[in-house]
Every structure is written in structure tokens, then in C-alpha cells.
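Thank you all for coming. Please take a moment to look at the sequence and the model before I begin.

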Amino acid sequence: MKIEFILNDKPQTIDVHPARRLLDLLREDFGLTSVKEGCGEGECGACVVLMNGKAVNSCLVPAGNIIGNSIQTLEGFKTTERYKVIEKCFLEAGSVQCGFCTPGIVMATESLLSENPHPTDDEIKESLSGNLCRCTGYNMIFKGIRLAAERGKGLW
Ligand code: FES
Ligand code: FES
């Protein structure tokens, strides 16, 4: 099936089975390896990308659902000022250890702050409830997001 969509701000046309997972399409066909496979069942958030600006688990999205939509991965988001703020604040807060969960958490953070630039602690926790991290114990991740919301005022 021929599918047209936007990937990291560039129009794409591909021939793909509509049931192919967006996760596999991004990693295998486009080489976008920031998108990680953890559980493969929508439970861990390692595969989070943005679809029309909202966080989605790419392991649960069939290629047929992306027709006409805009998909953004960390590779595309990295070119923005907002990414630079998140990166700096995550480093300062010690939000990253092994880094496996980090691309999904960065994309979930972008989705949160785009919708709600001044989240409360509870809103930060709630929005990250679908992202598992085995290393940091979450407090440093929440701190990094709080810092990014403060320092990035006006960007979101
Ligand atoms: S791999 Fe998609 S949610 Fe875990
Ligand atoms: S930093 Fe290792 S899983 Fe989150």
C-alpha cells in the first residue's frame, strides 16, 4: 500500500503493508534508531514518537494509521531550541543514566510542554506514567522536566 506522510518535517511516500508497525518502519526502513523497542506492547514508552505533536507508542501504531500525518522522532526534534533546553536541563538534573528510555522520555516531555507549558508536579508524573526507566528512580527525570519548563519559558 502506498502511504504518504511527513517524517521529521519532510514529505515521504512509501510502499508498505498497512499493518507494519510504525516502530519497525522508523528503525528499519528509515534508520531512525532513537526509537527503541522495549516491551513491544505499549507498556514501557521506549518507542514514543510524536504524531501531529502528541506522544504515541510507535509499537502500537500500524503504518496505515500514519497516512497524511506528521511523525517526529528525536532525530528531527534535536534540531530545535526546545530540544537544547531539555538536553541541558536533563544533564544538569542527572535525568539520564543508561539512556535507553531517554529518547521516549524526551519526546513525551516535548508533548507535555507543548500542551501544558507550566505543568504541576502531579501533571508531570501523570504525563510520564507510560514511560518506564530502570535506572534513575524518576525523581531526577521529573526534576529535569521541571527545570526545562522554567528555563524554556516562551519556547513552548
Ligand atoms: S516498545 Fe512500545 S511501549 Fe514498549
Ligand atoms: S536511564 Fe536507563 S532505563 Fe532510563
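Which residue in strand 4 does V49 stand opposite? V49 stands opposite V56, and I should say straight away that we are looking at a predicted model. These two valines belong to a pairing in which strand 3, residues 48–51, and strand 4, residues 54–57, run in the antiparallel sense over four bridges. The two strands form a hairpin with two residues between them, and in that turn N52 has a positive phi of about 50 degrees.

Let me move on to the aromatic rings. A pair of aromatic rings is described by the distance of the centres and the angle of the planes. The count here comes to three aromatic pairs, and I will take you through F5 with F30 and Y138 with F142.

The rings of F5 and F30 have their centres 6.0 Å apart, and because their planes stand at 85 degrees, which is over the 60 degrees required, the pair is edge-to-face. This pair links distant parts of the chain, since F5 lies in strand 1 and F30 lies in the loop between helix 1 and strand 3, 25 residues apart. F5 counts as buried at 3% relative accessibility, whereas F30, with a relative accessible area of 24%, is partly exposed.

The rings of Y138 and F142 have their centres 6.1 Å apart and their planes at 25 degrees, so this pair is stacked. Here Y138 is partly exposed at 26%, while F142 counts as buried at 10% relative accessibility.

Finally, the cysteines: the count of disulfides comes to zero, and C39, at 31% relative accessible area, is partly exposed, as is C135, at 32%.

Definitions and conventions. Residues numbered from 1 in each chain as written. Chains lettered and ligands numbered in written order. Predicted model: local features only at pLDDT ≥ 70, side-chain atom pairs only at ≥ 80, totals over all residues. Heavy atoms only, no water. Pairing = 2+ DSSP bridges. Disulfide = S-S within 2.5 Å. Buried < 20%, exposed > 50% of the residue type's maximum accessible area, 1.4 Å probe, protein only. Phe/Tyr/Trp six-rings, centres within 6.5 Å; stacked < 30°, edge-to-face > 60°.
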